[in-house]
Structures are given as structure tokens and as C-alpha cells.
Amino acid sequence: MPDVTKFSRGGLILFLSFLLMAVFSPALAPYDPWVRFEPYFPPGPEHLLGTNDMGHDILSELIFGSRVSLIVGFGAALMATLIGTAVGLLAGYFKGTTDEILMGITDIFLMIPQIPLIIVLAAFLRPSFWMVALLMGSLWWTSTARVVRSKALQVREMGFVQASRALGFSDRHIIFTDMLPNIFHVIMPKFMLSIASAMIAEASISFLGLGDPTMKSWGMMINFAFTRGGFINGYWWWYLTPGLCITLFVLSVVLLGFALEEQEEATMRLE
Amino acid sequence: MSSPLANAAPLLQIEGLSVSFETPLGRVKAAQDVCFDLREGETLALVGETGCGKSVVASAIMKLLPHNASVQGRAVFAGRDLLALGEKEMARTRGSEIAIVFQNPSLSLNPIIRVGKQIAEMLQVHKGISRTRSLQMAEDMLSRLGLVKKETASMYPFQFSGGMNQRVMIATSMILSPRIIIADEPSKGLDGVLAGEVMAEMARIKDQVGASLLLITHDLLLARDISDRMAVMYCGEIVEIGKSREVFSEPLHPYTNALLSCLPERGFQPIPGSSPSMIEPPAGCKFHPRCPQKQDKCMRRPEMVQVESSGEFSGANESTGREVRCWLY
Amino acid sequence: MLAVLKAEEVGKAYESGLIFKKRHIALRGITLEMVEGKTLGLMGVSGSGKTTLGMMLAGLEKPSSGRVLFAGEDIWRLRGREFLAFRRQVQMVFQDPEGSLNPRKSIERSIHEVLGLLKIPQREWLKRTGEILEMVGLPEELLCRYPAQISGGQCQRVALGRVLLLHPRVIILDEPTSALDISVQAQILNLLKDLQQELGLAYLLISHQPEVIRFMSHETIVLERGGIS
């Protein structure tokens, strides 16, 4: 049985480091990532990770890139989770016609091929990364909705929900104080994993060149590294580092999600 | 019911069994200095209310307690102290010599394996009996427990009701003809009539294979009907042991008396106060705060003492085996 | 003696199937009357529809046929505040004591939220909580605990306390003690009896145990296969 605390602590540390990196980018980065120096400079004492084809310091790019990637990741995940939870809760609590309508809508959204749509829209509209986040959020809520709904259906039948109804509490009160806290442990892991998916999706889109070229995300860095000769020339410090960052961040998110699930199980076991 | 000679050899001797758990809320003293014997061929009921420690005693004997439990004492079976055995040896003993039937049958059965196969597995693994023969024996056992239809053995647990699953569990435990069967609340979840039937069948099979039954239950009436002797537990301690009919008609310990008065047939007379915490139990006699006959002495923990019964149920040469933990005696 | 809650030819049917609708009739033609200060015992084997009937009388499920009358009014014709008033006056205590409390709310919070529902000012909460704990026989130390940390009997008392805060006239008791030990059962049943005398409550006592029914009821109805026998 792996040591959960080690995992969760590791995940937390990683996660927080990235968070700090994003928040304190101006303080941490040695240079402004838009300032031009000598291009294609290999790693050295002045530029720890060298410079790219435009002469921008790669380390600074990396640090500032965390902002874009994290915002897209969080933004998409937050939106998807909020919409999904709302839909799932209402469908599961009210059942009947409400459930049918909401699940019908969910099914329609599920039929939409998500990544291809994002790619197509990104290709035609060339949106900013905010739009990309919004787009992802508005397509991904379906799986959260499904999971939340099934848990809500379960919780609704539990004694204390019936008791609350009998005592005359309003539906709103019951949903927020009785249902939501007992469904939360299902929502959190899905939220964490959505962040990871969103980030990877953003990186993929950017890598394909469909992202926002005016914002440096990690995916964009890899894209430039690819198109501007970084791969061919073996400038590993250019394309490897953003890839590593994406991997590590996703890893930290997954570890946190795992730790949350374990903690939930431990509390259940105590009971 | 034939009651064995009181001086028959004890099959299982529990000596000074104490179990405690470390929990975030404190140290739970689940069992303290539990001593009793289980004799050959007899049915001993360990009765008490929820949380008195009786299930913990059963799990302790079978070495199935969680990691945060600390166990002291001895459980001597066939000359060996079970509590001192290694896990491998204990695994061999479990199932084949001492079987345990747990409370929630639907949870103890593998939902995706056919019922007959689960029972037959016991024979295949422990005794190396062939598949066809073990399946046949499983079917026989099931029909003896009232699940007569041929197709029953090839069905899955989820197709069964709680009562049927309970009988499957009993079949699984008895198929190896163990010498001791520990049944933990076997009648829970079964309604009155069915519980009676299942227990009667269990008693019949137990007599046939010559096993002893340690029955753990909170159902006093079931204990009275099925068991030869009864041990009453309160807050982790045994407070009274004796022949079931005697304990029922002449309870010696004030708790036993109060408990019996709660029965519907005696008018639902409640016991004042509430069950004590096992983290900070009362000093001395655990029952004294609620006892109508308490004295100053009760602040000190009484020992188990032998008591002569009125002789109504015992022969002239039989020792009555009646013990009470109370200063009144 | 005034009939406070009545059922008139109440029935419940379940339909299944999309094209070939199958109708399963759980209850039919139930007529009964509940009187202030008296207990009506409802007996029947499991599956005979006792709980469903209880829930219909409490207004938690709608009957497929017949009417449920509270103080002479069909409860399903009541709107808004009137229906809420009915809800308050007819309460229900459920079978699984631990299940009727939200596992994530402390006992104190579970009690306080009812006080909040009744729009009782917060400064009175301490006093009211103390009163209700005393009425159901619970020590104050339980307040900071969670349902999983207290016994089944104590959970049932908390559930009962919450119900009593609403000053109901009728309480539907669905197998209130069948999940409890016999000594706790004796305590709860005696508590219910005392409260009935003190507060003039009408009870519908649902149980499969004849002795429990006999101990508490003034009148008994037996349900068999959906109808009164």
C-alpha cells in the first residue's frame, strides 16, 4: 500500500510551486520574456535556459507561461465543474421532467465531438486563450453532470434528505446544506482531473499552432520550438522544459486528486 | 435439547482476553478480562447490547481485528494458543477448524461468483476435493438449509434475498465440518419467522457434524431458545454466565435482570441512564451508576464468583457453572 | 374526540413500462382516522405498504386515489403557506435512526437549523436547544458530536427532538425502534408514551412487532396485501 501522505505532500508541494510561479512571475523571472536578446543562445550563466529564435529568454518564458497554462486549466475546469454540478444536482434532486430535460441537453452536448470542435473553432476564429478556456468549459461539463446526477439520485433517497423534506425545509436549503456537502467528494476529484485535461488540451491546441500566438503558454513554446527549428537543432532546453512543466503540473494535480479521494475514504472508514 | 455433561472437556478456553483500540478520540477498551469456556457440542451464546464488545471478542479469537487493536490474553484451542499463532497457521485454522459467519451476508459474498461455486471453493481449497464432487456437496448443504431447488447453486448472490444469502453464508461455513462455528448476529436482518427457521436448521446441522456453536447476539429470546449456556456482556466485561434457562428465569446480576425487564413480554421496562463510554468507563463495576442495588463497594471492580444455583435445572452431581461479577454475591 | 388526520379511500399504484403499462397496486381503499392524544397502530408484514401509507399521510408522497384530510381539508389542495403549516403539524420519524441525520452536520447544527427554519431569533437558540435536549433525555456533551459518533438510540432521540421543535400535532412513527437494542427500545417507547401524555400528540405507529403495537396503541389496523384486513 503506497504511502498516501508522501504522495499527497509531494503533489501539494508541486502544485503550490507552480501556483507561486504563476502568481509571482514578474519577481521570479530573470527577464521580461518579451525583451529580445541574442537569438538561439545556448544555456549559460546569463540565460539559464538560453534564448529562443526571437531572442527571448526561455526561462522567463517558462515562468510567465505558467500563468497562461494555469489560467486556461483552472478557468476551463471551474466552468465545466460549475455547470456540470448545477445540472447534475438539479436533475438528480428534482427528478421527473426536470431530469429528462436536463439529461436530454447533456446528451446533445455529449454528441458534439469536443476536441475536433475546439480545433476547428480555434482554427477559424483564432481566439484568445480566454475564449479557448471558455470553449472547453462549455463542452466538458457533461461528464461531471452525469457523475453528480447519479450521486445526487443516491443521496436524495437517504434518510436525512427525507427527514429534511418532512421538516419542511425549502428545496434550496436541502440542496445546499444536505445534498451538496455529501456530493462534494465526488466533485473535487473530477475538478482536479479537469484541470489536467484542460491544460493538456490547451497545450495540444497551441502545439498545433491554433492557440493564441500573442500569449506565451507552454504549449505555444513547444510549438515555436518545433516550427522554428528547435527540434531539428536539438535545442532540448527549449522544447523539453515546457513539456516537463506540463507533465509535472498534471502529475501534481492527479496526486492531489488521489490524496483527496483517499482522505475521503479514510473519513468514511472512521465512521 | 440435549445438554452435554457440564464437566465435558472445554474445546475452546478464553483466558483473560482484553482488547483495546487506539482511536483519535482516545483508547477504547472494547473487552476487559473476558474468560469463558466453550465445551464440545454445546451452544454458548454471548449476549449483550450493541457496542458491549461481543463482536470484538469473536474477531479477536479469529485474529481478524484491525491494526490499531491490541490484544492480550489467551485463546486455547486444541492445545494451542490461537492468539500466539502466526498468520499462516491461523489461516489454515480459519474455515476448516473454526468458522465464522458474519453479520451482513450480502457483503461477505462475492457478487460475481455463483453461489454454489463459492461454497464448493472451500472444499477445493482446504480439502482438495474435486470440482464436481464439491459442487455436489455444496448443493446438498444448500438443500439442507432449505434452498432446495437445483438451480439455486448456479445463481448469484444479488439474485437472493438477505435471508437466502445468510443461509449461503452458513452453508459456506459449515461445509468443512469445523469444530467450532462462531455466528455473529446471524439473525440480523431476517424477520422473526425466517430467523427462527434458519437458526433451527443451523442448530440441527451443528448437532449432525458435532460442532460447537458460539452465538453472538443481542436477541435474548434467540439465545434462550437455541443456546445451552449464556454469557452476558456489559461494557466489555462478562457479568454473568450460566445455563440459558437458569439465567433467564433467575437472573443474578442486576444488569441481566434489568435487561430482561426490557423485553416486550415483561413490559418494556427501561433501564435508567445510558450505556457508558468505553473510552472512559465508570470506575469499579461498570454497571453501578445505573444499578438499583448499588453500594459503596461497587466503586471497586468485582471479580467473577461461582454461585450455587437453586438446583432446579441441575442434577445432584453436576457443578452448576454459574458465575456472576457482582458484589451482591 | 376530534379526528385530526384522516385518510379517505387512499390508494397508491405504480406504473411501469413504456408501451405495455403494467399497474402495480400497492395500496387500495384505505380509510382511517387519527385522533388527538391517541395512537393508531399500523401492522403488516414487510412489503404490505405500511411505509408508503405513512408517507402519504405525512404528505411526502401523493396518493394515486383518495384523499388525505387534515383538519377537514384535502392536503393536496392546500397552497403555499397553508401546506407549509400542515407540514409542520404532521411530522414523521423514520426507521433508520442514523440515516435520518445528515452525517456531515453536528448534532448542534442539525438542531439549530430547525430553529432557523422556524425563524426563532438566534439569541434564543441556546435556551431552546437545552430545553429540547432535556425533553428527549440527551446530555449536552452530544451537541458537538456527529451522528456516526453517537448511538442509534441517541440518533433517534435527536430526530425526535427536531420533530418536536415544530410543535406537531401528529407524528408518524415508522418502525421507530426496530433498529435499536431492546433496552434502548424500551427507553424510546416509554419516552414516546410520556410525550404523548404531556403534549397530546397523535401517533401513527408503524411496526411489524405485535408487542410494540400492543404497548402503545389505542387502536390497531392491519394491512394485508394493500388493503385493511
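Which residue of E7(B) does B:Ile100 stand opposite? In the predicted model examined here, B:Ile100 stands opposite B:Ile182 in E7(B). This pair offers a point of entry into the sheet of chain B, from which the description proceeds to the nonpolar core, the individual chains and the contacts between them.

The sheet of chain B is open and is formed by eight strands, which follow one another in the order E6-E7-E8-E3-E9-E10-E12-E11 with mixed pairing. Strand E6 (98–101) and strand E11 (305–307) of chain B stand at the edges, and because each has a single partner strand, one side of each is left without a neighbour in the sheet. From one strand to the next, the twist averages 20 degrees. The pairing of E6(B) with strand E7 (residues 180–184) of chain B is in the parallel sense and extends over four bridges. Across E6 and E7 of chain B lies helix H6 (residues 162–174) of chain B, which runs at about 175 degrees to E6(B).

B:Ile182 recurs in the description of the largest nonpolar core, which holds 225 residues and in which A:Met136, B:Leu46, B:Ala171, B:Ile182, B:Leu214, B:Leu215 and C:Leu204 touch the most other members. The largest share of this core, amounting to 17 residues, is supplied by helix H3 (residues 58–94) of chain A. In soluble globular proteins, nonpolar side chains tend to be buried together. For B:Leu215, when neighbours within four places in sequence are left aside, the residues in contact are B:Thr43, B:Leu44, B:Ala45, B:Leu46, B:Ala183, B:Ala223, B:Ile226 and B:Ser227; among them, B:Leu46 is itself one of the core residues that touch the most other members.

Chain A contains 10 helices and zero strands, so that its pattern along the sequence reads α-α-α-α-α-α-α-α-α-α. Taken along the principal axes, its C-alpha atoms fill a box of roughly 75 × 45 × 30 Å. Of the 271 residues of chain A, 42% count as buried, and residues 24 or more positions apart account for 71% of the contacts in this chain with a separation of 6 or more. Helix H3 of chain A, already noted for its share of the core, is followed by a loop that leads to helix H4 (96–111) of chain A and holds A:Lys95. Although it is not a glycine, A:Lys95 has a positive phi of about 50 degrees. A:Lys95 counts as partly exposed because it has 14 C-beta neighbours inside 10 Å.

Chain C has seven helices and 10 strands. Its radius of gyration is 18 Å, close to the 17 Å that the globule rule gives for 229 residues, and chain C is therefore as compact as a globular protein of that length. The C-alpha trace of chain C spans about 55 × 45 × 40 Å along its principal axes. Within chain C, 43% of the 229 residues count as buried, while 73% of the contacts with a separation of 6 or more are accounted for by residues 24 or more positions apart. In chain C, too, a residue that is not a glycine, C:His167, has a positive phi of about 50 degrees. C:His167 is placed in the loop between H5 and strand E7 (170–174) of chain C, and it counts as exposed because 12 other C-beta atoms lie within 10 Å.

With regard to the assembly, two pairs of chains are in contact, and of these chains A and C share the most contacts. Chain A and chain B, by contrast, do not touch, their nearest C-alpha atoms being 9 Å apart. Between chains A and C, 22 residues of chain C are in contact with 15 residues of chain A. On the side of chain C that touches chain A, at least two residues each are supplied by helix H2 (80–89), strand E6 (90–93), helix H3 (107–117) and helix H5 (152–165) of chain C. By class, this side of chain C has 12 nonpolar, four polar and six charged residues. Chain C also meets chain B, where 16 residues of chain B are in contact with 13 residues of chain C. The side of chain B that touches chain C divides into eight nonpolar, five polar and three charged residues.

Conventions. Residues are numbered from 1 along each chain as its sequence is written. Chains are lettered from A and ligands numbered from 1 in the order in which they are written. This is a predicted model: local features need pLDDT of at least 70, side-chain atom pairs count only at pLDDT 80 or more; totals for chains, interfaces and linings use all residues. The radius of gyration is taken over C-alpha atoms; the globule rule is 2.2 Å times the number of residues to the power 0.38. A residue is buried if 20 or more other C-beta atoms lie within 10 Å of its own, exposed if 12 or fewer, and partly exposed in between; C-beta atoms are placed from the backbone. Two residues are in contact if their C-beta atoms, placed from the backbone, lie within 7 Å. Ala, Val, Leu, Ile, Met, Phe, Trp, Tyr, Cys and Pro count as nonpolar, Asp, Glu, Lys and Arg as charged, and the others, Gly among them, as polar. A nonpolar core is a set of buried Ala, Val, Leu, Ile, Met, Phe, Trp, Tyr and Cys residues joined through C-beta atoms within 7 Å. Two strands pair if DSSP finds at least two bridges between them. Axes are lines fitted to C-alpha atoms, for helices over the stretch in contact, and angles run from 0 to 180 degrees between N-to-C directions.
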